[in-house]
Amino acid sequence: MYAVNFLLLSAALFCIGVFGVIARRNAVMVLMSIELILNSVNLNLVAFALMNNDVDGHIFALFVIAVAAAEVGVGLAMVLMIYRNRRSIALDELSEMKG
Amino acid sequence: MDYSNNALLTIGTFLPLVGVLIMMFIPGSEERTHKQIAIVTSGLTLAVGIYTLIQFDYGNSATLQFAVNEEWISVIKSNYIVGLDGISLPLYVLSMAVTFLVAIYTWNNVPDAGNPKAFLMLMLVLQVGMAGSFVAQDLILFFVFFELVLLPMYFMIGVWGGEDRQYASLKFFLYTMFGSALMLVAFLALFFQTGAESFSFEHLMSAGALIDHDVQVWIFAGMFVGFAVKVPMFPFHTWLPDAHTQAPTQGSVILAAILLKLGTYGFVRIALPMLPMGAHEWAPVIGILAVIGIIYGALGCLAQTDMKRLIAFSSVAHMGFVMLGISTLTTFGINAALFGMVAHGLITGMLFFVAGSVKHRYHTLEIKRLSGMLIQMPKMGWILGFAAMASLGLPGLAGFWGEFPAILSAYNPGFGLNPTLFRTLMVVAALGTVLAAGYLLWLYQRTAFGEPNPEFVSHGEPAHSLSAAGNEDHHDEIHDVSVVEWIAWTPFLLAIVVFGVYPQLMFKVLDPAVVQLVERVGNGIP
Amino acid sequence: MFATEALTSGWFLENAWLIPLIPTVAFFVILGFGKRMPQGGSEVGIASMMASLVLAAGATYQWIQRVQSVEGGSEGALGAIRGFAGSALPSAAETGHSAAYVEPVIRHWTWWQSGGIEFTLGQHIDGLAIMVLLVVTFISLLVQVYSTEYVKGDRRYTHFFAALTLFSAGMLIMVLAESMVQFILGWEIMGLTSFLLIGHWWEDGANSRAALKAFFTVRVGDMGLLVGTAIIYFGASQWAQARGSNGFSIQAISGWALSEGADSKVLMWGAVALFIACIGKSGQFPLHTWLPDAMAGPTPVSSLLHSSTMVVAGVYLVARLYPVFFVGLDILDTGVNLVAVIGGITIIIAAALAFVQNDIKKVLAYSTVSQLGYMMMGLGVGAWTPAVFHIFTHAFFKCCLFLAAGSISHSGSHHSFDMKKDMGGLRKFMPITFATWMVSTFALCGVPFFSGFFSKDEIIDNANHNGYTVFFYVGLIGAAMTAAYMTRATYLTFFGQPRGAAAGEHHDAHDPAHAHGEEHALDEIEEHEHVAEPVLVGAAVAATQGDDGHGHGGGHDDHGHGDDGHDAHAGPHESPWRITVPLMILGTLAVFSGYLNAPAVGTEYFTEWVEPAGVVVGAEHDESGAATHTDTEEPEAFASGVFGRATPLLAAEDGEATHSGGEGCGFEGPTEGVCYAPALSHAEFKWINTVPSILLVAFGALTSLWLCLGIFGDRKNPFKGLTQRNRLAGAGHRFLVNKYYLDDLYEKVIVHSVAHPIAKAAYWVNQNIIDGVVNGAGRSTKRTGEWVYRNIDQRVVDGAVNASGLVASETGHALQPVQSGKVNQYGALLFGAAAVGAIVLVLLNV
Amino acid sequence: MSLLAVLASDVNVAQNVGFYVIAAIMLFAAFSVVSTSDVVHAALWLVVVLGGVAAQYILAAAEFVAVSQVMVYIGAVMVLFLFGIMLTRSMIGSDTDVNNKGWGIGIPVALLMFGVLAYSVIDAFDNTVLVDRSEVQIASTTTAISDGYLGDYLVPLIALSFVLLAAAVGAIVLARKD
C-alpha cells in the first residue's frame, strides 16, 4: 500500500488542526486542535517507520505522545488558572501581550 | 584550510555562560554580588578577547585563524566551525568590550524594573550570541547564534523598557523573526542548491558561486530581507526607533553598537561571497535603499522631539552609509563599511549612554524642555558635543572614516555597476552629511546651549548666577558625570579619537581580508 | 632629506610639518591643564604661536634661499630635486630648459591605506604655503596677545584660548596639506572651532544660532568639497599612480590637470564641486550670509577667523589647486567663468550692503566679503599672483580694522558696536586706535602707497589685461564703493559729535538684547527725550551692575567684564597696551606689506618667491613660448613657459597662443612632460593704468564724506526739519547755506533716491530672499521631515508591517497593530509564514 | 528492496479499503472537532479521531504505538480534557461564539498549507510502496523499540522523563488553589 495515503491523511489532519488553532476561541478547543496536529505528526512518523522498515519512527512517535500528554496536563492547568483569575477562557479576551 | 582546533574562540564565546551559571545559583536579592559577577565575567571575556587580539597573526589576516572544526549535527551535515579573520576580529572584540562597559555602567544604573540578576544574566547570554555570530563559520551555527541574540534583547526591552515597552519589544521580535524566517529559507535553499554537502562557509563560498544566475538572485532576496531588517535598511527600519526609544540605556547601547552590525556583517560575510551574481544584481537596489535611508533618516531626525528617538533615527542614516559602501562591491567601499560599523557602534553607543544619563537626571528627553546642559553639567554637555561632532563625521574622529570613504567609493563602483547611478547616489549621500550636521547641531544647540530650563533648577536662584559662580555641584538631583559613568565612557571616547586619528589601526586588519573577499565576489561574476 | 647641490633646502623647510603640530599639542595641553595655570592657559597658546611663527619665519627664509638658488643654479642643479617624496625623479637637465619650476618641499607619511588607496599626511611647501603659513602664525599670535586683554575675566577664558589655538592648528594643517584628505581635515577642524568660537557666549540663543548658521552654511559647501575630492581623485589617480603618487596628492592633481590626458569634463565638474566649497567657506555670493552673523562672536574671533584666515581658506583652495580651475573652467580662454562671476557679484553686493550697517563690525564683515570677492575674481581672471598677494595684504589691514573696532567697543563705546548710537568723535579719545584705523582704511580703500593699493590694483589691472573687461569695471566700481562705505564708517566712528556711550552716557550696553534690536524702545527714548535719559541711564547702570555682580557672561560681545571696572563706567579712553601694541604692529604692516610686490617702486619679491617659478623668462623666449602651446609634448616647449611679466604685449599674444594650444604650461617640473603650473601672463604695472581706480577711489571717498557730513554732521536726525534749517541757513553765512543746499541736494536727491532705496533693497534682498532661502530651506526641510515622519513613516511603512497577516483591530488607529495579543492571530501568522516558507523551499527545490 | 518491487505488483486490497474507511471517518470527526459549537461534543469527536489514528497505527504495523496511543490519549488525555471542560464550567451544550472574530483567516491558511504539503508529499513519495504489514513481526518490533529506548535513545528518554516530571509538578503548582 502506498505511503502517500498516510502522508496525505496526516497532512489533512494537520491542516484541520491548524485551522482549529487559528479559529477557535475556547482555550480547551485550541488545545484539542493542537492534539490533532500532534497526532498527524505521529501518523507521519509511523508511516515513515514502515517505509524504511525500522522502528525509529515508532520511538519518536512514543516520545511525541509522552510530550503531548505533558503538554495537555500543563496546558489545562494553565487554562484552569486563567479561568480562576478571569472567569473566562476565551482567548481573545486574554490580550496581556497586546501592544 | 588548516584547523588548528584552538579552543581560544570557543572559550571567548562561551565564557559568559559560566557567569550565568554561577549567578543562577545565587538568590536575586544579593544584587551587589550579581553585579560583581557580571562585571568580572565580562571582564574575563574581554581579557580573552584581548589575548586573541594579541595572538592574532596580522600578517595573514585574510585567512581564518584559531579555526576549529568539530562534528556537531552530522545528520544535517552542519559542523561546529568557528574561526576569526580580519573582518570579524574588530567586531568580535568590540562586542566583548561593549558588554563589559555596559556591565560596569549597570553598577548604579539598573533600569527601573529592577532585578539586576535577570538583567545581567540576559546581557551575558546576549554577549554569547553576539560573539558567536561573529566567529561562526557554519551557516547553521551562525543562524543559531543570530537567533540567540534575539530573545535576551526581547526581554530586555519588554521587561526593563519604557512606557509602551510591550509594543516595542513585540514589534522588534516579530520583525526580526519575519526576517530570519526568510533568511533561514534562503540558507536552506543555498544548502540544497550547493548539493546539500555542507553548511560550512568555506564550502558554500566555493560552491555558491556556481549556482546559476536566477536562483542566486532569489536566494539573495531571502537573505537580503533577513539582514536588511537587522541593519535596518530603509523600508524595514521602523522597528528601530521604537525599540531604541523603549529599550533601557544598556539595551539601546548594545543594540546600536553590536546588534545592528549583525545585519551588515551578514551581508559582507555571507550574502556577498556566497552569491556573487545575486549580490551584483541587487547592488543597485541596496545602494538606492541605502541612500534613501540616509536622507530619510536625517529627515526623521529633524522631526523628532525626543532626544533618544532622534539618535535612533540617526543610526538609520549612518547604517545607510555603511550599506552604500557595501553596495559598491569595491574593496574600498567594503573597508569603509566595516570601519563605519565599528565607528557607528562606538559613537552611537556613546550618544545613547549620554541620553540614558540625561534621562536618569532630568526624567525627560524632550528636546524642548532640556537646555543649558553645559551650565548644569558641563562635562556631560561637552561629552555630548564630542559625540555629536564625531557622529556628524568630523575628520580626526572615527565617524569620518566610515562616511567619507563610503562616499568616495561610490564614485566608481566595482564590477561594471552603473557608475552614473552610483555617482548620483554619491551626491545625495554627501547631502546626507549636511543634513546630519543640521540635526545634530540643532540637537546640541537646543539641549546644551542656553540657560537651563527653570523647572530643573533647584533652589530659586536664577541659573546664570549659578553658572557664573561656576559650581554646579549644589544641584542635588542634577549632578555631573559620575565616576562609574566615567569608567564606562572613557574607553568609548578614547577609541573614537584613536580610530579617528589613526584609522590604519583597523584598516590594516580589515584590508587583506576584504581584498580576498572582493576577489571572491569578482571571480563569481562572469 | 632633500639635500641638493644648488637647490638649497634646510631644516626649517624639511620640518615645516612641526608648525601645525605645535599648536595641536598646545591645544590638548591647554584643555588638560589650562585651568590650573596662572594665566589660564593663554600663555601656552601664545608660546605655541610664537614657536610656530619662528619656524614659519625660518622656513620662509630658507624658501627664499631655495628660490634664489634656482635662479642662480645651473640646470643640472635641478636634477636632484625630489618630486613626489620617495620617487627620485629624472634630472631636469634632460629636459634642458631654464624656466625652472621651484620644486616644492614635499614629504609625506602614509596615514592609512585601504583597498590600495593610500591616504597620506605630509607637507607641501611652496611659495603659496609659506606665505600663508607666515601670515597665519603671525596674525594668530597678535590676536592671542590681544585676546588676553579682551576676554579677560571671561568664564570660559581657558576654553577660548584652547579653541583659538586649535583653530590656528587647523588652518596650518590645511595650508601645509600635501593631500586632499589632509586638506579636508584642516578645513573641517576650522569649521568646528569656528562653531565653538562664534558660539563662545552660548548662553544667549542668538549667538548659538549664529554659530549654528555658520557651521551649517559652511557645511553645505563642504558637500562640494567631498564630492569634488572624489571626482578629482578618480580622475587623477591613474595618471598619478603611473608616477608613484596617488590621486589625493595635490602636486599630482596639479600635474594631471595640466597634462594632455586630463578629461576636461571631469576637471570641469571637479572644479565646480570644489568651488561650491569655496563659496561656502569664503562667504561668496549666495552663501555669504553667515559671515555677518558670525560677528556675534568675540571681536578677536572675528578678526582672526572672519577676516584674515578662515574665510581665506576657500580662496586658498582655488589658488592651491589652480591648475584644476584653470583648465576645468578654462580661464584665459573665455571672457567669463564661474569663479570670476561669483567673485564679481560678491564684490558689488557686499559693498552695497556695507552702506546700511550701523554695527561697525558688520560693516567690516561685509567689506571682508567684498574683498574676498576681489580675491576670487582675481583668481577667476587669471591674476593668480595679485590675488594671492591680496590675501597677504588684506590679512594685515583687515585684522587691524577688526582689532581697532574691538578696541573701540572695549574702551570707547562701552561694549557697544552701534556706530550711530554709541560712537562718534572718538579720534580725540583714542588716538592710537584712530591712527591705526585710518592707515588700515587707506590700505583697504586702495589709496596709493598703502598696501591694499598694490594688490587690488594689480587684480583690476590684470582683469583688463586678460581680457575680462567686464570684471575690470566691476573691480573699479567696487573700489569706489569700498572707499565710500569706509569713509562713512570712519566718519561715524571717529568724527562728529560723541554720541551715546562715546559721550560717556551709559545705557545698558551689557544687555544682550542690545545687539539684537530688542531694546530700540529705550534708544528711541534716549534720542528724542533727553530729559528722560539720566533716569533711564541710572536704571540701566543699576541693571548693569546687577549683572556684573553675577559676573554674568550674557549674549552681546565682550562680556564677563564684571571685574574690570577700569572701563566699565568711565568715559571713552585709549585701550591698554596689550590691545594697542598689536594694533600698531598691524597698522605698520598695513602700510608697508604692500612694498613686497610694488611694481610702482620696482619690487617684485613676492612674485618671485611665491609664484611657482624661480626664473623670469624674458621677452626673447616668448615666441617659442607661443609656439609651445601647440604641442605640449616637446620638452623644449616648456623651456620658456609663457611668462612675460616684463612684457604685457607679448604676454597678451601668448594669451592668444595659449587659447589655440589648449592648456598653457607655465613651469615644468623636473619630470619631463609634466607641468605643474599654468601659464600666467602679468600685466605690466603702469601708473596710467591705475589712474581710473585712484580717481574712482577718491570720488567714492569724497562723495561718501559729503554724504556723511550732510547726514550725520551736527544733527542727530537729518531727515527732520530741513526746510526750517534752510531758512536759518538762508539768514546765515553763504557758505553754510551752500553747504546746506548741498545737504539738501544730497539728502533729497541722492540719499533718498539712490543710496537708501538701492542699498536698502540689496540689504532687503539679502535679508529676506537669500537669507530667507537659507532659513526657509532649513524650516521647510524640518517640515518635510515632520510630514514624512508623520504620514509616511508612521502610517505607510509602519502600517504596512503592522497590517501584515492581521485582522483584529481595536484602537481607532488607521491600522491594526501587530500586537493584538491574541494567540490565535499569532498562530495564523506563524503557520502562514511557515506555509510561505515551505512554498519558497518547494519552488527552489523543483 | 527487490521484495518491495514484488509487493508493489499486488497491493493488499483489504488494507486499502480499511485505510480509506478509517481515514474518511477520521477526517469527518476532525472536521467536527474544529467546527462543532459544543465543547463536550468536540471532545467526543476528538476521541473518534484518536481512535482512528490508533487504528491506522495498527494498519501501519505499529501495534505497540497503537496501544500506547489508546492508553495515553483515550485513557488519560481525554479524561483530562473532560475534567478541564467541566472545571472551567464552559457551558455544556452549544456555545454561541466558540470561534473568534476573524476565524476566516484560518481557512486560507489551512488550505494553503495543505496545498503545499500535499504537493511536496506527492512530489516526493509518489508511488512509494510501504512494506506489507504481514512482513513485519510485531514481537520483533516491540523488542526493537525497547532496545532503542534503552540503547541509542537512552538520554532522550531520561530527558523526557524529566520533562514529564516537571510537567506534573508544574501542572500541580499551577492548578493548586490558594
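Two strands are taken to pair if DSSP finds at least two bridges between them. All views below show a predicted model.

**Figure 1. The hairpin of strand 1 and strand 2 in chain B.** Strand 1 (residues 65-73) and strand 2 (residues 78-84) of chain B run antiparallel and are joined by six bridges. Within this pairing, Glu71(B) stands opposite Asn79(B) of strand 2. Four residues lie between the two strands of the hairpin. Lys77(B) is located in this loop, between strand 1 and strand 2 of chain B. Its phi is near 55°, a positive value in a residue other than glycine. Lys77(B) is partly exposed, because 16 other C-beta atoms lie within 10 Å, and a residue would need 20 or more to be buried and 12 or fewer to be exposed.

**Figure 2. The hairpin of strand 1 and strand 2 in chain C.** Strand 1 (residues 105-114) and strand 2 of chain C pair in the antiparallel sense, over nine bridges. Ile106(C) has His124(C) of strand 2 as its bridge partner. Two residues separate the strands, and Gly115(C) adopts a positive phi near 55° in this hairpin. Strand 2 (residues 117-125) is mostly covered, with seven of its nine residues buried. In a regular strand the side chains alternate between the two faces of the sheet.

**Figure 3. Helix 7 and the surroundings of Leu267(C) in chain C.** Chain C contains 34 helices and four strands, and 62% of its 846 residues count as buried. Among its contacts between residues at least 6 apart in sequence, 76% join residues at least 24 apart. Helix 7 (residues 157-176) of chain C has 20 residues, which at 1.5 Å a residue should span 28 Å; the end C-alpha atoms are 29 Å apart, in agreement with that expectation. Helix 7 of chain C is mostly covered, with 20 of its 20 residues buried. Leu267(C) belongs to helix 11 (residues 264-281) of chain C. Leu267(C) is buried, since 27 other C-beta atoms lie within 10 Å and 20 or more suffice. Leaving aside residues up to four places away in sequence, Leu267(C) touches Gly235(C), Ala257(C), Ala262(C), Val324(C), Val327(C) and Gly328(C). The C-alpha atoms of Leu267(C) and Ala236(C) are separated by 9.4 Å, although the two residues are 31 apart along the chain.

**Figure 4. The interface of chain D with chain A.** In this interface, 78 residues of chain D are in contact with 63 residues of chain A. On the chain D side, the elements that give two or more residues are helix 2 (13-35), helix 3 (39-59), helix 4 (63-87), helix 5 (106-125), helix 6 (138-150) and helix 7 (154-175). Helix 4 of chain D supplies the largest share of that side, 12 residues. By class, the side of chain D that touches chain A has 58 nonpolar, 17 polar and three charged residues. For helix 3 of chain D, 21 residues at 1.5 Å a residue should span 30 Å, and the end C-alpha atoms are 30 Å apart, which agrees. Just after helix 3 of chain D, Ala61(D) takes a positive phi of about 60°.

**Figure 5. Packing of helix 3 of chain A with helix 4 of chain D.** Helix 3 (residues 56-86) of chain A and helix 4 of chain D pack at an angle of about 5°, with their axes 10 Å apart. Angles under 35 degrees count as roughly parallel, and the two helices are therefore roughly parallel to each other. The residues that make the contact include Leu62(A), Ile65(A), Val72(A) and Leu76(A) of helix 3 of chain A, and Phe64(D), Val72(D), Leu80(D) and Leu87(D) of helix 4 of chain D. By class, this contact has 15 nonpolar, five polar and no charged residues. Asn53(A) is found in the loop between helix 2 (27-52) and helix 3 of chain A. Asn53(A) has a positive phi of about 55° although it is not a glycine, and with 15 other C-beta atoms within 10 Å it is partly exposed.

**Figure 6. A cis peptide bond and a helix residue in chain B.** Val231(B) and Pro232(B) are joined by a cis peptide bond with omega of about -10°. Pro232(B) lies in the loop between helix 9 (213-230) and helix 10 (239-246) of chain B. Gln55(B) is part of helix 2 (residues 31-55) of chain B and is exposed, with 12 other C-beta atoms within 10 Å. From Gln55(B) to Val342(B) the C-alpha to C-alpha distance is 21 Å, and the two residues are 287 apart in sequence.

Terms used:
Residues numbered from 1 in each chain as written. Chains lettered and ligands numbered in written order. Predicted model: local features only at pLDDT ≥ 70, side-chain atom pairs only at ≥ 80, totals over all residues. Contact = placed C-beta atoms within 7 Å. Nonpolar A, V, L, I, M, F, W, Y, C, P; charged D, E, K, R; others polar. Expected span 1.5 Å × (residues − 1). Axes fitted to C-alpha atoms, helices over the stretch in contact; angles between N-to-C directions. Parallel < 35°, antiparallel > 145°, perpendicular 65-115°, else oblique.
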